[in-house]
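These are my notebook entries on a model that is predicted. I began with the ligand and then looked up single residues in turn.

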Amino acid sequence: MALASVTLELARSIDAKPIALMSRDQIEAGLEWKWRAPAIRAFILDPESSVLCARCSLGATEFLGGFGIMQFGSEVAHLNLLAVDPRVRRQGLGEQLLTWLETTAITAGLYRIDLEVRSNNRGARRFYEELGYKASRTIRGYYQGRESALKMHKKLRDRPNFSGAPRDN
Ligand SMILES: CC(C)(COP(=O)(O)OP(=O)(O)OC[C@H]1O[C@@H](n2cnc3c(N)ncnc32)[C@H](O)[C@@H]1OP(=O)(O)O)[C@@H](O)C(=O)NCCC(=O)NCCS
């Protein structure tokens, strides 16, 4: 399905439910649904986080094409969730969302972005590698004791005494 237009903008409270549903179906499938609307809404309201939406249109139809949630610390940002509607994948939407969030982290002066991805999610692993993320280690049972996660990171800039590699925590 070819997109007619895409607008990236910060989510509003009303977006919490569709984002949560997309997380349930596209990210958490097969796991217990953790990222429900109240949890998403808390991130929308959190000044230390950005919840970004891709609003898409196809003719007169508008829909949530994808979203990303990033939390900003004092040195490192963490990508909590990122998903694109299956109907509009491989059109650069995931890259647009992640680049926007990365730009925010760079502007905030942060040094690295961390994320976890389900180890068996080869498509997402490939996507992150394409965008410059490196795998650091696997954590067994990370997802509800049932599935392992691959930790990945991207160094944003150099800083004295900061290796850019994630600490073991
Ligand atoms: C991972 C995801 C966000 C990528 O979104 P997308 O909009 O399809 O990605 P893009 O179109 O921006 O892809 C950019 C590049 O990444 C790579 N890539 C993306 N998806 C890929 C896949 N399934 N397999 C291999 N490479 C892939 C390609 O190099 C692609 O460029 P190309 O299409 O020109 O070859 C999307 O597949 C998704 O929502 N997956 C389910 C949820 C998920 O796994 N989220 C990540 C963990 S939280």
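**Entry: the shell around the ligand**

How many nonpolar, polar and charged residues does the shell around the ligand have? Sorting the shell by class, I get 8 nonpolar residues, 6 polar ones and 5 charged ones. In this predicted model, 19 residues surround the ligand, and the closest are Leu82, Val84, Gly92, Gly94 and Asn121.

I then looked up which atoms of the protein backbone lie beside polar atoms of the ligand. A nitrogen atom of the ligand is 2.7 Å from a polar backbone atom of Leu82, which is also listed among the closest residues. For an oxygen atom of the ligand, I find a polar backbone atom of Arg90 at 2.8 Å; I also find an oxygen atom of the ligand 2.8 Å from a polar backbone atom of Gly92. Of the 910 Å² of accessible area that the ligand has on its own, the protein covers 77%.

As for where the ligand lies, the space it takes is the largest pocket. Going through the elements that give two or more residues to the shell, I noted helix 1 (16-27), strand 4 (76-84), helix 3 (93-107) and helix 4 (122-130). Which element gives the most to the shell around the ligand? Helix 4 does, with 6 residues.

**Entry: Arg90**

I returned to Arg90 on account of its backbone atom beside the ligand, the one at 2.8 Å from a ligand oxygen. Arg90 has its place in the loop between strand 4 and helix 3, and both of these elements are on the list of those giving two or more residues to the shell. Is Arg90 buried or exposed? I record Arg90 as exposed, because its relative accessible area is 86% and the cut-off for that word is over 50%. That value takes only the protein chains as cover, so I keep it apart from the question of what the ligand covers.

The phi of Arg90 is near 60°, a positive value in a residue other than glycine. I marked this for a second look because most residues other than glycine have a negative phi.

**Entry: Gln144**

Gln144 is another residue other than glycine with a positive phi, here near 50°. I find Gln144 in the loop between strand 6 (134-143) and strand 7 (147-155). With a relative accessible area of 36%, Gln144 falls between the two cut-offs of 20% and 50%, and therefore I enter it as partly exposed.

**Entry: Asn80 and Lys154**

Asn80 is found in strand 4, one of the elements that give two or more residues to the shell around the ligand. Its relative accessibility is 15%, so Asn80 counts as buried under the 20% cut-off. Which side chains does the side chain of Asn80 contact? I find a polar contact of 3.1 Å with the side chain of Gln71, and another, of 2.6 Å, with the side chain of His78.

Lys154, found in strand 7, also counts as buried, because its 19% relative accessibility is under 20%. A polar contact of 3.2 Å joins the side chain of Lys154 to that of Glu102.

**Entry: strand 2 and some separations**

I took two residues of strand 2 (residues 49-58), Leu52 and Ser49. Leu52 counts as buried at 0% relative accessibility, and its C-alpha atom is separated by 5.4 Å from that of Phe67, 15 residues apart along the chain. Ser49 counts as buried at 9%; between the C-alpha atoms of Ser49 and Leu79, 30 residues apart along the chain, the separation is 9.7 Å.

For Glu32, I looked in the loop between helix 1 and helix 2 (37-45), where this residue is exposed with a relative accessible area of 55%. The C-alpha atoms of Glu32 and Gly59 are separated by 35 Å, with the two residues 27 apart along the chain.

My last look-up went back to helix 4, where Tyr128 is found. Is Tyr128 buried or exposed? Its relative accessible area is 8%, so I enter Tyr128 as buried. From the C-alpha atom of Tyr128 to that of Ser5, 123 residues apart along the chain, the separation is 24 Å.

Technical notes
Residues are numbered from 1 along each chain as its sequence is written. This is a predicted model: local features need pLDDT of at least 70, side-chain atom pairs count only at pLDDT 80 or more; totals for chains, interfaces and linings use all residues. Side-chain values use heavy atoms; hydrogens and water are left out. A residue is near a molecule or strand if one of its heavy atoms lies within 4 Å of it. A polar contact is a pair of N or O atoms within 3.5 Å; within protein, one must be able to donate a hydrogen and the other to accept it, and residues adjacent in sequence count only if both atoms are side-chain atoms. Accessible areas come from the Shrake-Rupley method with a 1.4 Å probe; for residues, only the protein chains shown count as cover. On a 1 Å grid over the protein atoms alone, a cavity is a set of points where a 1.4 Å probe fits but cannot get out, and a pocket is an open set with protein on both sides within 12 Å along at least five of seven lines; lining residues have an atom within 4 Å of a point. A molecule sits in a cavity or pocket if more than half of its atoms lie within 2 Å of its grid points. Helices (H or I, at least four residues) and strands (E, at least two) are DSSP runs, numbered from the N terminus. Ala, Val, Leu, Ile, Met, Phe, Trp, Tyr, Cys and Pro count as nonpolar, Asp, Glu, Lys and Arg as charged, and the others, Gly among them, as polar. Buried means under 20% relative accessible area, exposed over 50%, partly exposed in between (1.4 Å probe, protein chains only).
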